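Colleague: I should be grateful for a close look at a single part of this model, namely its strand pairing. Please describe how the strands are arranged and how the helices are placed among them.

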Amino acid sequence: MLIATTHKNTDFDGLASVIAATILYPGCVGVVPRMTNSNVERFLSTHKTAFNIILPNEVPFDEVTKLIVVDTDQWQRLDRMDKLAKKDGLEIDLWDHHMMPGGDIEAGWTCKERIGSTVTLFTREMQKRGIQLSPLDSTVMLIGLYEDTGHLSFPGTTADDARAAAYLLENKADLNVAGFFLNPPYEENQKEILFEMMKETERLKFSGHSVGFNHVNLDKKVPNLAAVVNMYRKIINVDALFVIFSSDDRHSIIGRSGVESIDIGRILSILGGGGHSGAGSASVKNSEMSVENIIEKITTALAANTCESARISDIMSFPVISVGPDTSMREAQILMASHKIRGVMVAEDANILGIIVLWDLKKVKKESQWDNPVKAFMSRNIFSIGPGDSPSVAARIMIEKDVGHLPVVQDDKLIGIVTRTDILTYYYDLLPE
Ligand SMILES: [Mn+2]
């Protein structure tokens, strides 16, 4: 007998991958853990009989010769599969997109890739083999793919994920049904949690990225807290958010990130949890760790994590050419042309007074104005940045303040300048002009 199963607290990617396995492997029966996410539970309550799936207690373990594990690579995350872990001669296939250390399922065959969802791996294989899917199968797979990639918007999303979505839509995945299960209306107790979080969020900065921390005491079970956390991160507009939910015996930590340099899965792996770069969770016993301990562990990991990403000092231009306020516009223009630079700082005794950029040269309308001093044309709105900040912080200041050049200042000293072009070059690997 052939069975396919996935992790406890099954999400749609896990469920849909189990269903995909029952299609891809002839004769395969899907085994869905008893504990599933609330939206998966809602889906199964009406759709269960449409699929070839059973519960773990219904598995005749003696007859199982092959196990297909999807969306996890850890025995402890499976439901009641301990008997199989020790079974001699059991064949195992593994499909997963979590690239965390700690996987202990030794498979004879593995398909493991850094990709948006496990569903994508199955869809790609089905497309390769020309397998047509029913509208219902396509729909549940699309829900899994959309849930794990935030409708193809999370930073970890790949071109293969988009191609998989296209294939599922070609196979008549129903977006109305998908929308119904992906965006369930918020329940009263979810709203209460949201308001609770709004009262108090601690905000910290890591390499210029804003990270929010919340702690909420739960006195009852609230479904789909991950969706609440996701919504809350957008409301308070932080780059990443960690919320610790404490119940009688456990702390559950849910993290969300909107920037690539803060990898939630990697950070929460230090608490025994996991996930992707954009989303993850962990759970620890109250007796093992206090809320303060947890926050300290996360902040330490954040400080180490964000060090690896690029800093302004890596992409800034230096040395900076500066001129006095009484320098003529003509001299400034010649200086920019000869040094092939887009701006010069206007400074007096190490005080930055303003900046003249190529754009400002266009303000010169009459020939005689070229003799006027730069101080008459310079922009005095100067927003500086530190060398240790990240390029995304510079980008944000440029957008918010509508400026194209930021002086890089360290210990009150001008050490460089970063331009829009530097930022674009960094983000898109464009060649400098
Ligand atoms: Mn997944």
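Modeller: The account below takes the open sheet and then the strands that follow later in the chain. Please bear in mind that this is a predicted model.

The open sheet is formed by six strands in the order β7-β8-β9-β10-β12-β11, with mixed pairing. Its edges are β7 (202-206) and β11 (274-275), each of which pairs on one side only. Within this order, β10 (residues 250-257) and β12 (residues 279-285) run antiparallel and are joined by seven bridges. One position can be located by its partner: G255 is bridged to G280 in β12. Helix α9, spanning residues 225-236, lies across β8 (209-217), β9 (240-246) and β10. The helix runs at about 45 degrees to β10.

As a general point, the strands of a sheet pair through backbone hydrogen bonds, either parallel or antiparallel. Both senses occur around β14 (residues 343-348): this strand runs parallel to β13 (residues 322-323), whereas its pairing with β15 (residues 351-357) is antiparallel. Two bridges join β13 to β14, and V323 has V346 as its bridge partner in β14. Between these two strands the chain passes through helix α13 (residues 329-339), giving a right-handed β-α-β crossover.

On the antiparallel side, β14 and β15 pair over six bridges, and G343 stands opposite V357 in β15. The two strands form a hairpin with two residues between them. In that turn, D349 has a positive phi of about 50 degrees.

Definitions and conventions:
Residues are numbered from 1 along each chain as its sequence is written. This is a predicted model: local features need pLDDT of at least 70, side-chain atom pairs count only at pLDDT 80 or more; totals for chains, interfaces and linings use all residues. Two strands pair if DSSP finds at least two bridges between them. Helices (H or I, at least four residues) and strands (E, at least two) are DSSP runs, numbered from the N terminus. Two residues are in contact if their C-beta atoms, placed from the backbone, lie within 7 Å. Axes are lines fitted to C-alpha atoms, for helices over the stretch in contact, and angles run from 0 to 180 degrees between N-to-C directions. A crossover is right-handed if, with the strands pointing away from the viewer, the path from the first strand over the helix to the second runs clockwise.
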